[in-house]
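User: I have a structure open and want to learn how to read it. Can you take me through it one feature at a time?

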Amino acid sequence: MIIQYENVIIKTICRMLIPFLQLFAIYVLMHGHYSPGGGFQGGVMMGASFILLVIAYGLEEARQRISLKALTIYACLGLFIYSGIGAWALLMGGNYLDYGKLPFPVSSVPAARAMGILGIEIGVFFSVMAIMICIFLAIASYDTGGEND
Amino acid sequence: MNTPQVQATILIILVPLMFSYAIPLLGWRWRGSAFFVALAAIGASMVCSFILLYTVLTQGTIHYHLGGWLPPWGIEYVIDPLNGFVGVVVCVISFLVTLSSKESVQKELPDKKVRFYTIYLLLFTGLMGIVVTGDVFNLYVFLEIASLTAYALIAIGEDGAPLASFNYIIMGTIGACFYLLGVGYLYIVTGSLNMADLAKLLPPLYHSNVVLIALAFFLIGTAIKMGLFPLHVWLPDAYTYAPSAVSAFIAPVMAKVMAYILIRVMFTVFQPSYLIEMVPVASILSWVAAAAILVGSIMALAQKDLKRMLAYSSVSQIGYIVLGVGLGNKMGLLGAYLHILNHAFMKGCLFAVAMALMYRTGKRNIFQLGRIHRRMPFTMAALVIGALSMIGIPPTAGFFSKWYLILGSIDARNWVFVAVILISSLLNALYFFRVIENAYFEGVHGHSQKEAMDGIAKVREEVPLSMLIPIILLAAGILLLGLFNERIISGILVFALPPGF
Amino acid sequence: MIEYLMSKYNYWIYVVLMMIGFYAMMGKRNLVKKLIGMNIFQTAIILYYISIGVKKGGTLPVVMEGATRAADYVNPLPHVLMLTAIVVSVSTTGVALAVLLMIYRRYKTLEEDEILKSMR
C-alpha cells in the first residue's frame, strides 16, 4: 500500500527534517512545565517523525529501524516508569503519586514534585510514541498480512 | 488514617494495571503464562477488596488522597459500604469467570491469547477504578478505559462481531460524551469535581436549570451504557457475537458497575430529596424500568440462540435494578442492591454454562441440545439452579431480591409494579423451562428423536475441571446467597443506604 | 433576542457542531462517515469545555513575568481535563478504525446496508 516513489525532493527534505522533528519532540517534553507541551504531545510528535519516515521511504525502511518487539518493550517500559514512580512513592510512605516523598537530591518539596512529574512525563512519552508507531504500522500493513503475535 | 489497609485502596487498581503490561513482556517468551498472570492479578484484587470491605465496616469510610493533595484540589478515592460491596461482587465474579475461561480461550482464540489477556486485565482495571473513585472526572477516565477495552474484546468474536462492536462503539461513545457533558455543566456552576464537595455545593442551586440539564445528561449517558430499555439496542448483538469468555465476563459485571454509577450520581452527588420530590425523576425511572422488564422478557421468549436469550434476559434484569432504585424507599433500594449481587452470580453461572456448551458442542441453538444432560450432568445441574434463581423460586437467591422489590412496590402503593414483577417471573419461567426441557428430554419442535440422539454421543464427557469448578462454585454461591441473605442485608447493605432512607 | 444569541455565542457554536456530528452518526449509511461524525461530536465537547474557562482579559495559563494574580490567567483546569478527553478521543478513533478494517476484510464493503444484507 505504501510503495517507494523515486522522488529525490521528498527524500532529501525528510532526511534533513526528521532529526529536527525528534529534537523538537524532546524539547516539548522537557518544557511541559513552562510552556504548552508535556508527555503526550511530545510522544505524538516523536511518533509522527517515524510516520514521516514511512511515508517518504516506504514501509520496509521503517521496519528495519524499529521492530515490533522493540515497540512492545518501549510501550511497557513507559507504563512501568509511570506506575513505578507512583509505587515508589507508596513504598516511601506517602500516598500513591505523592512525589514529595521521593528521595530526589533537591532542596524543597515542590522541587521534588517537579522532578516527579518530569519522570512521569518521560514514561508517557515512551508509551505514546510506541503506540502511535504501532497503530500506524498495523493499519498500513493490513493487506500484506498481519504481524506475528 | 494511613494504615497499610488503607493502601489497599490503590493496590486494588495498581496491581491489575501493572500486571496487565507485564503480560506482553512475559508473553513473548512464555505463551502460557498470560493466563496465570491475569489470574494472579485478579486474585490479588479480590483479597484487597475483602480487606477494604472489612475495614470500611469496622472503621468507617476510607478517604484516600491521591498524590497527597487534599480534596477539592486533588483527586480523592472514597470507599464507603456501597463501594466496598460492589467491589467485592465485581472481584469475586471476575475471579471465578477468569478461572473458567482458560480452556475456552485456548479453543476459540489460540493465537491471540497474550493480547487477549492484556486487554482483559485492562478491562478489569477500568471497572475496579470506576468502583473505587470519588471524583466525577476520574470516573469518566476509568469509564472510557473499561469501554475501549470492551469494544476491542467484543470485536474478536465470530460472524457478526465486528459490526456489533462498531454499533457498540458509536452508542457507547454517545453515552460517555453525555456523561462528560453532565460533568461539565456541574463544573460550570460549582467549580468542583469531587463528589462529596458537589453534594455540599449543589443544594442551594437546585432551582436552576443548569443542574436539571446536568442530571438529565448523567441519566441518559448512564442509561445508554447500562442498556436500559429504549437505549438497549447495542446489547443483544454485543453479548451474542462476542467470544464466550468475553460474554461471561462482561454480562454479569459491566452492567452492574454502570448501575452503580447511576446510584452514585443519583444519591451521593444529588440528594435523594431532590430526585423524589422536586423533580419526578425517580418515578420516571421506575416506569421506564417496568417497561424494560416486560420488553426484555417478551423479546427473550422469541430467541432460538441461547446467548441471545440470556442477553435479552439481562436487559430485563437491569430493569429490576433500576426499578428498585427508582422506587425511592428503603425496601426497594435494598432489593436493588441485593439484586446487583444476585444477578451477578446468576448471569455469571448461566453465561459460564453457555461457554461450556460452546466448548463441548460448538452449538448455541436451544433446540439442538437434546438430552445433553447425559454428557454434561454437572453443567446442566448448574443451569437448572441458575434458571430456578432467575425465575425466583426459594431458597435460591433470586427469590429474595424479587421479594424485597415487591415489598418496596407495596410500600410505594404501586400495584402495577407488583403485577409487572410477577408477570415477568412467569415469562422467565417460560423461556427457562424451554431450555431445561430441551436439555433433559429429547429434542422437541421438529427435530426427531433419532436426529437429536445421533448428533450427541451417549458417553459422559464433561468439560475440563478448570471450567467446571467455577461453574459449580457459582451455582453453590447462588444457593448460599439465598440461604444467608438476611445476614448480608443486616450486616452490609443496611449501611450502604444513603442518609434519609 | 439578538443580544441573547450574541452574548452566549460559544454555546450556540458548540450545540450546532454537536448536532452536525450527531446527525452524521445517526443519518449516514457509510461506516467511515459515522466515525467522522463521532469525532466531530467529541471535538464539539472539547471546544465547549475550553470556552467556559475564559476570563475577560486573561492570558494563556503559562506562568509569565508581570502577571501574578490568578485573575490574569485563563482557568487551566478545563484545559487539563480536555487533554485527557483528546487522548480518549484519539484512542476511540484508533479502536474504531481497527474494527472497520476487520469489517472491510470480512465483507469487502463499508456500506451498512450491504453488510446487513449479506449477513441475512
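Analyst: We will go through confidence, chain contacts, helix packing, the nonpolar core and one buried residue. Keep in mind that this is a predicted model.

User: Then I start with confidence. What does chain A average in pLDDT?

Analyst: pLDDT is the predictor's own confidence in each residue, from 0 to 100. Chain A averages 83, and 91% of the residues score at least 70. Helix 1 of chain A (residues 8-30) has the highest confidence in the chain, at 91. Helix 3 of chain A (residues 59-65) has the lowest, with a mean of 82.

User: Where in chain A does pLDDT stay under 50?

Analyst: Look at residues 145-149 of chain A. For that stretch the model has three contacts beyond four places in sequence.

User: Next, interfaces. How many residues does each chain give where B touches C?

Analyst: In general, the size of an interface is often given as the accessible area lost when the parts come together. Here we count residues. Chain B puts in 20 and chain C puts in 25. On the chain B side, helix 7 (136-154) and helix 8 (161-190) each give two or more residues. Helix 8 of chain B has the largest share, 12 residues. By class, this side has 15 nonpolar, four polar and one charged residues.

User: And which element of chain B gives the most to the side that touches chain A?

Analyst: Helix 1 of chain B, with five residues. The contact takes 15 residues from chain B and 16 from chain A. Helix 2 (23-29) and strand 1 (62-65) of chain B also give two or more each. The classes on the chain B side are 11 nonpolar, four polar and no charged residues.

User: How do I read helix packing? At what angle do helix 8 of chain B and helix 3 of chain C pack?

Analyst: Take the angle between the helix directions; under 35 degrees counts as roughly parallel. Helix 8 of chain B and helix 3 of chain C (residues 31-51) pack at about 10°, with axes 11 Å apart. They are therefore roughly parallel to each other. Residues that meet include B:Phe166, B:Ile170 and B:Leu181 on one helix, and C:Met38, C:Phe41 and C:Ile45 on the other. The contact has 11 nonpolar, three polar and one charged residues.

User: Are helix 15 and helix 16 of chain B roughly parallel or antiparallel?

Analyst: Over 145 degrees counts as roughly antiparallel. The axes of helix 15 (residues 306-327) and helix 16 (residues 330-361) of chain B cross at roughly 170° and come within 8 Å. The two are therefore roughly antiparallel. Among the contacting residues are B:Leu310, B:Tyr320 and B:Ile321 in helix 15, and B:Ile340, B:Leu350 and B:Phe351 in helix 16. They divide into 12 nonpolar, seven polar and two charged.

User: Which residues have the most contacts inside the largest nonpolar core?

Analyst: B:Leu127, B:Ile154, B:Ala259 and B:Cys349, in a core of 263 residues. Helix 16 of chain B gives the most to this core, 22 residues. Take B:Ala259. Beyond its neighbours within four places in sequence, B:Ala259 contacts B:Met226, B:Ile318, B:Ile321, B:Val322 and B:Ile340.

User: One last case. Is A:Gly116 buried or exposed?

Analyst: Count C-beta atoms; 20 or more others within 10 Å makes a residue buried. A:Gly116 has 22, so A:Gly116 is buried. A:Gly116 lies in helix 5 of chain A (residues 109-140). Leaving aside neighbours within four places in sequence, its contacts are A:Ile85, A:Tyr99 and A:Leu102.

Methods: Residues are numbered from 1 along each chain as its sequence is written. Chains are lettered from A and ligands numbered from 1 in the order in which they are written. This is a predicted model: local features need pLDDT of at least 70, side-chain atom pairs count only at pLDDT 80 or more; totals for chains, interfaces and linings use all residues. Axes are lines fitted to C-alpha atoms, for helices over the stretch in contact, and angles run from 0 to 180 degrees between N-to-C directions. Helices (H or I, at least four residues) and strands (E, at least two) are DSSP runs, numbered from the N terminus. Angles under 35 degrees count as roughly parallel, over 145 as roughly antiparallel, 65 to 115 as roughly perpendicular and the rest as oblique. Two residues are in contact if their C-beta atoms, placed from the backbone, lie within 7 Å. Ala, Val, Leu, Ile, Met, Phe, Trp, Tyr, Cys and Pro count as nonpolar, Asp, Glu, Lys and Arg as charged, and the others, Gly among them, as polar. A residue is buried if 20 or more other C-beta atoms lie within 10 Å of its own, exposed if 12 or fewer, and partly exposed in between; C-beta atoms are placed from the backbone. A nonpolar core is a set of buried Ala, Val, Leu, Ile, Met, Phe, Trp, Tyr and Cys residues joined through C-beta atoms within 7 Å.
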